[in-house]
Amino acid sequence: MQIPEEYGGLGLSNTMYARLGEITSLDGSIAVTLAAHQAIGLKGILIAGTDEQKAKYLPRLASGEHIAAFCLTEPGSGSDAASIQTRATLSEDGKYFLLNGSKVWISNGGLASIFTVFARTEVVDKDGQVKDKITAFIVERDFGGVTHGKPEDKLGIRGSNTCEVHFENTKVPIENVIGEVGGGFKVAMNILNSGRFSMGSASAGMIKKLIEMTAEYACTRKQFDKKLSEFGLIQEKFCFMAVKAYVMESMAYLTAGMMDRPGFPDCSVEAAMVKVFSSEGAWACVSEALQILGGLGYMKDYPYERYLRDTRILLIFEGTNEILRMYIALTGMQYAGKILTDKIKEIKKGNVGVALAEFLSKLRDTMGRKVDYGLVGDRGVVHPSLQESGKKLEENIYYFGTTVRGLLSRFGKTIVEEQLVLKRVADIVINLYAMTAAISRASRSISIGLRNHDHEVLLTNIFCTEAYFKNNYAMAQLEKYADENLDDCIKKAAKQVLEKRAYTCSHPLDRTF
């Protein structure tokens, strides 16, 4: 779909690819099969391949004559991608690599003719030292020595092919290196980062279909002489699904639009935020939809249980949500840390102006600062019907900045070890990005007069109000000595359980007499 027309593809932009994802997502197995081929399987050739590699491989990958697969994960290497053990050894004549190793949980592994494979290679550094670095390769099944195991018996996406792939003395020509030798880890991260954003539109497409199916049932099913749709707790579920779908859709298309700008902008953090929000939102929405149908939703005669099984993988693959939260938080804090370090250096040099500015800023915060970033008001970019949401976003952004500065001052470089802190930081950032995307989209809709724009404004205001209070509570937890923060207790309880590798409490029927 995204292969350029000159190689026989459709040449779709990221935005159009996201739009198509809404349709393919209605069947999880089809969506995964297509994504494994296009979003990651051939993406390395597309973004880092040479002109010769593109001309050789892309036409048949575009036509479907060849299927692609992405081979990174190994039995001992999951989220820690840098620890892979598959090895590629350069031949004495320097014309090819001998590839040996095994990859697990490879989507399309049993179908693919072309594999993007990551392996360790010896690389001589500038100082003359030999080091192990990861290199990306284009591997054809026809090279020989490529075998695969039986299809995995999975919880969900059962119609897709997932299996182990083994390489035994597979000869890979030197010209099939993607990028440069030793630059494979960067290639792998760029592939994964560029594909995550589409999970937002795909999840939204699925939820919109679920809303249609579930609403039909709720509006016809009667209990206690009332339609299900008349009960407040059922209405709450429909509002929840509509809000989630609207926000993840807004995030996905905002990100896709940024990625389509000239110059290949780095949107890896935004894409990661879309993935985390959308995967968790989709999982929650499918559960709510099944709940509306009650016992019927649990039966295999209806698609809800399949949607539930298919959706669970979204929180795991293309980077677990735990790993992505660390990436989101630390990438942002790295930038904030540099700014803070520069300010500290200026103060140490005796720059009284910087020190005074910091003091006055903290003083204004304690007295209650009025935050104004120009989003709202006569000259603001936010539509008047969304002003309250705009103000909440501005306030959250400002106080989040002060919270991050406080965390960096408190923890310094050891912040990388504070995962519970980083999780809250990431959750706040995700909410801020989601608020921005929703407000931006709703403002546009009402300004140009799109149909049902009042409904968009309503959904946006609901989400922003909820996110605002969640952010405030998370920031309160991040304060030093906060009563709301139970991190030490959580770690202590977990340690006691893990030491015994069991639930350690006495049974309620146990006696001491």
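## Salt bridges and the overall fold

This structure holds 21 salt bridges. Keep in mind that you're looking at a predicted model. Side chains of opposite charge can pair when their charged atoms come close. Below, we start with the whole chain, then zoom in on some pairs and on one buried residue.

**The whole chain**

- The secondary structure comes to 15 helices and 10 strands. The radius of gyration is 26 Å, close to the 24 Å that the globule rule gives for 513 residues, so the chain is as compact as a globular protein of that length.
- Measure along the principal axes, and the C-alpha atoms fill a box of roughly 75 × 75 × 75 Å.
- Buried residues make up 45% of the 513 residues.
- Take the contacts with a separation of 6 or more: 72% of them come from residues 24 or more positions apart.
- About 27300 Å² of the chain is exposed, and carbon and sulfur atoms supply 56% of that.
- On the charge side, there are 62 positive and 61 negative side chains, and the centres of the two sets lie 3 Å apart.

**Salt bridges to look for**

- Glu249 pairs up with Lys208, with their closest N and O atoms 2.5 Å apart. Glu249 sits in helix 7 (residues 232-259) and Lys208 in helix 6 (residues 198-218), so this pair ties together parts that are 41 residues apart in sequence. Glu249 counts as buried because its relative accessibility is 10%, while Lys208 is partly exposed at 32%.
- Glu288 does the same kind of thing with Lys237, the closest N and O atoms being 2.8 Å apart. Here the link runs between distant parts of the chain, from helix 8 (residues 268-293), home of Glu288, to helix 7, home of Lys237, 51 residues apart. Glu288 is partly exposed at 22% relative accessible area, whereas Lys237 counts as buried at 17%.
- Arg441 and Glu456 form a salt bridge too, with closest N and O atoms 3.9 Å apart. Arg441 belongs to helix 13 (residues 419-448) and Glu456 to helix 14 (residues 453-477), 15 residues apart. Arg441 is partly exposed at 26%, and Glu456 is buried at 11%.
- Which residues join up in a network of salt bridges? They are Arg19, Glu22, Lys208, Glu249, Arg441 and Glu456.

**A closer look at Ile40**

- You'll find Ile40 in helix 2 (residues 28-41). Is Ile40 buried or exposed? Its relative accessibility is 14%, so Ile40 counts as buried.
- Beyond its neighbours within four places in sequence, Ile40 touches Ala35, Phe70, Ile191 and Leu192.
- Ile40 and Gly332 are 292 residues apart in sequence, and their C-alpha atoms are 25 Å apart in space.

Notes: Residues are numbered from 1 along each chain as its sequence is written. This is a predicted model: local features need pLDDT of at least 70, side-chain atom pairs count only at pLDDT 80 or more; totals for chains, interfaces and linings use all residues. Side-chain values use heavy atoms; hydrogens and water are left out. Helices (H or I, at least four residues) and strands (E, at least two) are DSSP runs, numbered from the N terminus. The radius of gyration is taken over C-alpha atoms; the globule rule is 2.2 Å times the number of residues to the power 0.38. Buried means under 20% relative accessible area, exposed over 50%, partly exposed in between (1.4 Å probe, protein chains only). Contact means heavy atoms within 4.5 Å. Accessible areas come from the Shrake-Rupley method with a 1.4 Å probe; for residues, only the protein chains shown count as cover. Lys and Arg count as positive and Asp and Glu as negative; His and the chain ends are not counted. The place of a charge is taken as NZ of Lys, CZ of Arg, CG of Asp or CD of Glu. A salt bridge is a side-chain nitrogen of Lys or Arg within 4 Å of a carboxyl oxygen of Asp or Glu.
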